[in-house]
Each structure stands twice: as C-alpha cells, then as structure tokens.
Amino acid sequence: MTFRKVDLIYLGGAILVVVGVSLLPSPKDRNPPVPRTPKHYDLRLETDCLTCHAPGAINALRTPPHPKRQDCLHCHRTTS
C-alpha cells in the first residue's frame, strides 16, 4: 500500500486537530479552585461542602453565580 501526497496531508491535518483539541483548557480549569483554608483541607465529597454552604447557612451560596445544583466539585477544581 502506498500513500499519496494528499493522504499524508490529510493524516497530518487530522493529527494536528487531535493534538490541538487535547491542548485546549477544560471549562473546569477556568473555574475558581476550592479555597486553600484549613476548613477545606479535608474536603472529599460535595456533602462536605453543604455543611457550611447549604441554603440558610452562614456561608450560603449566592445564586447567581451558583446554579441550583449541588455538585460543587463538578465545577470547582481541587488543589490537591
């Protein structure tokens, strides 16, 4: 099987597209991290967030910018 010049150009372009897309930042990379405070060091599950950030709590989440969903680690990146 021989490759023509057009086949090599197509293959090279496809590889460039795959590499380019893999280098794009994910939306999670642009979101703020979980704060690096002693209260947040042991954070493992979203239910841990809700002990302080539940509606009606002292540190309740503001809407906007927070959606009504309660999966904090879906958007906020952990630093560890």
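I started at Cys 49, which is buried, with a relative accessible area of 9%. The model I am reading is predicted.

**Cysteines**

I looked for the cysteine sulfur closest to that of Cys 49 and found it in Cys 72, at 3.7 Å. A disulfide needs the two sulfur atoms within 2.5 Å, so this pair is too far apart for a bond. I ran the search from the other end as well: for Cys 72 the closest cysteine sulfur is in Cys 49, again too far for a bond. My count of disulfides is therefore zero by this rule. Cys 72 is buried too, at a relative accessible area of 16%.

**Core**

Which residues form the largest nonpolar core? I noted five: Val 34, Leu 43, Cys 49, Cys 72 and Leu 73. Both cysteines from the entry above are on that list. I then checked the contacts of Cys 49, leaving aside its neighbours within four places in sequence, and got Leu 43 and Cys 72. A general point for the margin: in soluble globular proteins, nonpolar side chains tend to be buried together.

**Chain as a whole**

I counted four helices and zero strands. From the N terminus on, I read the order of elements as α-α-α-α. Of the 80 residues in the chain, 6% are buried. I also looked up the contacts with a separation of 6 or more; residues 24 or more positions apart account for 62% of them. The chain exposes about 7,000 Å², and carbon and sulfur atoms supply 65% of that area.

**Nonpolar surface patch**

Next I went to the surface and listed a nonpolar patch made of Met 1, Phe 3, Leu 8, Leu 11, Ile 15, Val 19 and Leu 23. Together these residues have about 820 Å² of accessible area. I picked Leu 8 for a closer look and placed it in helix α1, which covers residues 5-22. Leu 8 has a relative accessible area of 47%, so I entered it as partly exposed. Patch members need over 30% relative accessible area, and Leu 8 passes that cut-off.

**Salt bridge**

How many salt bridges does the structure hold? I found one. Its partners are the side chains of Asp 7 and Arg 4, at 3.5 Å from N to O. The limit for such a pair is 4 Å, so the distance qualifies. Are the partners buried or exposed? Arg 4 is exposed, with a relative accessible area of 54%, while Asp 7 counts as partly exposed at 28%. For the margin again: side chains of opposite charge can pair when their charged atoms come close.

Note on methods
Residues are numbered from 1 along each chain as its sequence is written. This is a predicted model: local features need pLDDT of at least 70, side-chain atom pairs count only at pLDDT 80 or more; totals for chains, interfaces and linings use all residues. Side-chain values use heavy atoms; hydrogens and water are left out. Patches are made of residues with over 30% relative accessible area and no salt bridge: like charges are joined within 9 Å, nonpolar side chains (Val, Leu, Ile, Met, Phe, Trp, Tyr) within 5 Å. Accessible areas come from the Shrake-Rupley method with a 1.4 Å probe; for residues, only the protein chains shown count as cover. Helices (H or I, at least four residues) and strands (E, at least two) are DSSP runs, numbered from the N terminus. Buried means under 20% relative accessible area, exposed over 50%, partly exposed in between (1.4 Å probe, protein chains only). A nonpolar core is a set of buried Ala, Val, Leu, Ile, Met, Phe, Trp, Tyr and Cys residues joined through side-chain atoms within 4.5 Å. Contact means heavy atoms within 4.5 Å.
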